[in-house]
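Dear colleague,

I am passing on the structure we talked about, and I would be glad if you could look it over before reading my notes beneath it.

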Amino acid sequence: MNCTDCLKQISSYLDGEIDAELKQALEAHLSGCHHCEVVFDSTRKTIELYCDGKLFQLPLATRERLHAALRRRWEEKAG
Amino acid sequence: MAESPQVAERKDDSVLVTEAKAGSYAAFEELVNRYENKIYRLGLNLTGNPEDAEDMLQEAFLKAFLHLPDFREDSRFYTWLVRIAINEGLMKLRKQRADKSVQIEDAVGEDGEFLPREFTDWKPNPEEQFKQAEIEQILQKAAQSLSPGFRAVFLLRDVEELSTQETAELLGLTEGAVKARLFRARLQLREELSKVFKRG
């Protein structure tokens with residue numbers, strides 16, 4: 001497997017969607033190719049960062065406005 | 001016999017949905033409490049600014065509240081909520097784009113080749129090397145480098161963990177198109193983040 005073929009499969013590999021034979025070839029390539037290993041590791045890290053639950057916390061004031069709007073709507077509906 | 005301490009019971013979403021449908025605001029509020037942060041994060045990453053994220057958050061929950069009686073529970077509550085939220089967000093972006101006479105999709109086809117150009121190692125644990133606000137800004141800026149259609153696929157698949165099929169149905173795409181867009185979105189985001197996080 002060359003680098004281009006490896007990089008084209010990285011997304012499917014991350015999703016566990018490649019067959020066993022291709023997986024073996026890809027892993028063999030990754031273990032011997034630093035460039036592709038960097039791309040794989042940093043792509044995985046990219047996803048991890050966006051999923052980090054500590055980031056993008058809802059500000060308290062925004063939360064309070066949301067809850068006030070919902071309660072108002074609920075009370076209107078309840079009459 | 002001593003009374004056992006009260007343990008806060010965590011009800012399933014489906015139980016809360018049933019109670020909310022029957023008129024319990026407390027049950028609906030508990031659903032809001034569970035997911036408000038995730039929907040806000042989705043809004044920030046999709047729209048790129050706190051004002052639009054707040055609009056999206058409010059609209060999503062108000063619509064969820066209004067349409068709760070119609071929710072047939074053939075999917076998880078959260079998947080249903082994300083569907084409402086992403087549609088609100090994309091509608092907002094379409095409106096903004098229309099105002100500027102710009103198409104929502106960029107000129108690159110969904111199968112457009114995108115191969116990495118940056119091969120330098122990243123610094124270890126960038127989340128520990130930057131302040132939280134800086135990391136958030138970096139991630140948002142990188143997300144905005146994607147066209148909304150690609151951004152939506154990435155956020156739905158990788159962050160909200162919807163399946164390829166759910167994402168395809170929600171966005172009106174084929175499953176193949178979802179996979180192609182996800183591939184490109186991941187690599188393009190990685191490329192953007194590499195500019196900041198690479199060693200040296």
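Below is what I found, beginning with the nonpolar cores and ending with the backbone.

Please bear in mind throughout that this is a predicted model. Its largest nonpolar core comprises 52 residues, and those with the most contacts inside it are Ile39(B), Leu57(B), Ala60(B), Leu81(B), Ala85(B), Val153(B) and Phe154(B). Two or more residues of this core come from each of several elements, including α4 (60-78) of chain A as well as α2 (25-47), α3 (50-67) and α7 (148-159) of chain B. Within chain B, domain 1 (13-99) and domain 2 (126-197) each supply at least three residues to this core. Leaving aside residues up to four places away in sequence, Leu81(B) touches Tyr35(B), Ile39(B), Ala60(B) and Ala64(B). There is also a second, separate core of nine residues, among them Cys6(A), Ile10(A), Cys36(A) and Phe40(A).

The helix α7(B) is mostly covered, with 10 of its 12 residues buried; the buried ones include Val153(B) and Phe154(B), but also Arg151(B), Arg157(B) and Asp158(B). Just after α7(B), Glu161(B) adopts a positive phi of about 60°.

Two further backbone angles may merit your attention. Glu73(B), in the loop between α3 and α4 of chain B, has a positive phi of about 60° although it is not a glycine, and this residue counts as exposed because it has 12 C-beta neighbours inside 10 Å, where exposed means 12 or fewer. Asn125(B), which is found in the loop between α4 and α5 (126-129) of chain B, is likewise not a glycine and has a positive phi of about 45°; with 10 other C-beta atoms within 10 Å, Asn125(B) is exposed.

With best regards

Key:
Residues numbered from 1 in each chain as written. Chains lettered and ligands numbered in written order. Predicted model: local features only at pLDDT ≥ 70, side-chain atom pairs only at ≥ 80, totals over all residues. Core = buried A, V, L, I, M, F, W, Y, C linked by C-beta atoms within 7 Å. Buried ≥ 20, exposed ≤ 12 C-beta atoms within 10 Å, placed from the backbone. Helix = DSSP H or I, 4+ residues; strand = E, 2+ residues; numbered from the N terminus. Domains from an automatic or database assignment. Contact = placed C-beta atoms within 7 Å.
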